[in-house]
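Q: I am new to this structure and would be grateful for a close look at a single part of it. Please describe that part in a connected way and then set it in the context of the chain.

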Amino acid sequence: MALVSEFLGQLTLNFGGESEPKFPTVVTARDFDPAKDAARIETAVKTKGVDELTIIDILTRRSYSQRREIAFEYEKRSKKDMITALKGALSGSLEAVILGLMKSTAQYDASEIKGSIKGLGTDEETLIEMVCSRSAEELVEIKRVYKEMFKKELEKDVAGDTSGDFRSLLLALVQAKRDEPSNIVDYEKIDQDARALYEAGVKRKGTDVATWITIMSERSVPHLQKVFDRYKSYSPYDMQESIRKEVKGDLEKSFLTLGHELPVLINNAIAKEKVVTRIVVSRCEVDLMKIRTEFKKLNQKSLYQTIAEHTKGDYQKVLLSLCGGDD
């Protein structure tokens, strides 16, 4: 889980105040014919036993906007809604991936957040992953889409479903005040933040959580990484050790996610289908290529190979197709 969140936290932020260049594994298909694709999908859905491979082949090799065009053509020719048809034809993990692809990245993220807080109990793991790993720019868009889809403010739903310092941190993040990364390194601010984290935590009795929340939720990832390096010159413990000593529970997990806990074995996360589905579906048109590269560096094994070892059947096929190849 921490490894997943570290990847996403590091790879979804902007650099130099400009829009972050994308590193997708799924790109706009050339020679695109939505009517032809719609006809093939209609045939695949009607085939006895369902032709899952055709559905996978088409929808994992088209961009979100192209999938929407296919859905339009599908409804035009069959007088039926394509998403409803796919729901009826597919099941299980494959269905979750394919239906996820029929949403925009922001719609998918908003739906996952909504799913983590509706009903009895809160899925804190999902909530932490989604909120703590998205950039300020992405959170602004998620909030807009969330209100559009659910007619509610994301902040109000998060506030109503969480409590204490954990709620305070999530609300601070949802406000999307995190600095954009800059090419200019502010060494004075790095030192000030490192000292402030130390003085608000390890140095004193009891933790000044508000100070930690402010720094963790408002500083850019590259800045925080330098702060954590500098922090070691003040504290006998590194930042991850300090977090574990000072706070517990969901707040600890959140700070570790924001603070880039050292990677754990990816197998701990790869065995969780929902986590894997979320990463691949939500990042395949954003930065999954970068995630693949970092994964290989950290694990000496490709993401493609790891997915292949831990999945099977059509679910494996759809994930590997979205992964976009081996490294």
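A: Helix 9 covers residues 136-150 and has 15 residues. From its first C-alpha to its last it reaches 21 Å, close to the 21 Å expected at 1.5 Å a residue. The model in which this helix is seen is a predicted one. Directly after helix 9 comes lysine 151, whose phi is positive, near 55°.

The buried residues of helix 9 are Ala136, Glu138, Leu139, Ile142, Lys143, Val145 and Tyr146. Glu138 and Lys143 are thus listed as buried along with Leu139 and Val145. The cover over the buried residues of this helix includes helix 7 (105-117), helix 8 (124-132) and helix 10 (154-161). Helix 11 and helix 18 (273-283) are also among the elements that cover them.

Two of the buried residues of helix 9, Ile142 and Tyr146, are touched by isoleucine 113. When residues up to four places away in sequence are not counted, isoleucine 113 also touches Leu127, Met130, Val131 and Leu154.

Isoleucine 113 leads on to the largest nonpolar core, which has 44 residues. Ile113, Leu197, Met239, Ile243 and Phe255 are the members that touch the most other members of this core. Helix 11, residues 164-174, supplies the largest share of this core, with six residues. Another core, of 42 residues, lies apart from it, and among its members are Val45, Ala85, Ala89 and Leu322.

A further residue to consider is glutamate 95, which is found in helix 6 (residues 92-101). Glutamate 95 counts as partly exposed because its relative accessibility is 21%, while buried means under 20%. Leaving aside neighbours within four places in sequence, glutamate 95 is in contact with Lys87 and Leu90. Glutamate 95 and aspartate 314 are 219 residues apart in sequence, and their C-alpha atoms are 9.9 Å apart in space.

As for the chain as a whole, it has 21 helices and zero strands. Of its 327 residues, 51% count as buried. Among the contacts in the chain with a separation of 6 or more, 73% are accounted for by residues 24 or more positions apart. The accessible surface of the chain comes to about 15,400 Å², and carbon and sulfur atoms hold 49% of that surface.

Key:
Residues numbered from 1 in each chain as written. Predicted model: local features only at pLDDT ≥ 70, side-chain atom pairs only at ≥ 80, totals over all residues. Heavy atoms only, no water. Core = buried A, V, L, I, M, F, W, Y, C linked by side-chain atoms within 4.5 Å. Buried < 20%, exposed > 50% of the residue type's maximum accessible area, 1.4 Å probe, protein only. Helix = DSSP H or I, 4+ residues; strand = E, 2+ residues; numbered from the N terminus. Contact = heavy atoms within 4.5 Å. Expected span 1.5 Å × (residues − 1). Areas by Shrake-Rupley, 256 points an atom, 1.4 Å probe, with all protein chains shown as cover.
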